[in-house]
Amino acid sequence: MSDTPSTLSRLCIWQQNLNKSLAAQLTLLNGPIAAQWDIVAIQEPTIDHRLCLTKANSHWRVVYPTHKFTLDATPRAVTLVNTKISTNNWEQIPFPSKDVVIVKFRSAQGACTLINIYNDSTHN
C-alpha cells in the first residue's frame with residue numbers, strides 16, 4: 001500500500017481476539033502479517049500491567065481507546081495501523097469507552113471508518 005492519499009485505494013484488515021495471550025500476540029506480530037495486512041483489530045490484547053501498554057513492533061502504530069488513560073481502565077480493544085500508511089491518511093475518532101477504537105481513513109476515493117469493538121457478551 002502506498003502512503004499517498006491519491007493511491008490509498010484498499011485496506012486489508014485482520015481481526016482477532018487474542019484472549020490476553022502474550023504468545024499469540026507475539027506470533028501474530030512477528031509473522032508475515034506486516035507485509036500482508038494494513039490494519040490489525042485486536043480484542044483482548046496482552047497488556048503489560050506495569051506500563052499499561054500492549055506489545056507491538058516497528059511495523060505498527062498502536063491506537064488505544066481514546067480515554068485509555070483518563071478512564072484508568074485496561075483497554076480490551078486496540079487497533080494496529082501499519083506504518084506503511086501515512087499518518088496524513090488517518091485519524092482517531094474520540095469515543096468514551098475502553099472497549100471501542102474508531103479510526104477514520106481518507107483517500108482520493110473517499111473515507112472509511114473502522115470501528116473495533118470488544119463485546120463481553122453481556123451487552124448489545
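Select strand 1 and strand 2 (residues 39-43): five bridges join them, and they run parallel. Strands here are DSSP E runs of at least two residues, helices are H or I runs of at least four, and both are numbered from the N terminus. Two strands count as paired if DSSP finds at least two bridges between them. This is a predicted model, where local features need pLDDT of at least 70, side-chain atom pairs count only at pLDDT 80 or more, and totals for chains, interfaces and linings use all residues. Residues are numbered from 1 along each chain as its sequence is written, and side-chain values use heavy atoms, without hydrogens and water.

Stay on strand 1 and pick Trp-14. Val-40 in strand 2 stands opposite Trp-14.

Now widen the selection to the sheet. This open sheet has four strands in the order 1-2-6-5, with mixed pairing. Strand 1 (13-17) and strand 5 (60-63) are the edges, each pairing on one side only. On average, neighbouring strands are turned by 20 degrees against each other, direction ignored.

Next, select helix 1, residues 22-30. Helix 1 lies across strands 1, 2, 5 and 6 (77-82) and runs at about 175 degrees to strand 2. Angles run from 0 to 180 degrees between N-to-C directions, with axes fitted to C-alpha atoms, for helices over the stretch in contact. Contact means heavy atoms within 4.5 Å.

Finally, show the whole chain. It has two helices and nine strands, in the pattern β-α-α-β-β-β-β-β-β-β-β along the sequence. Among contacts between residues at least 6 apart in sequence, 57% join residues at least 24 apart.
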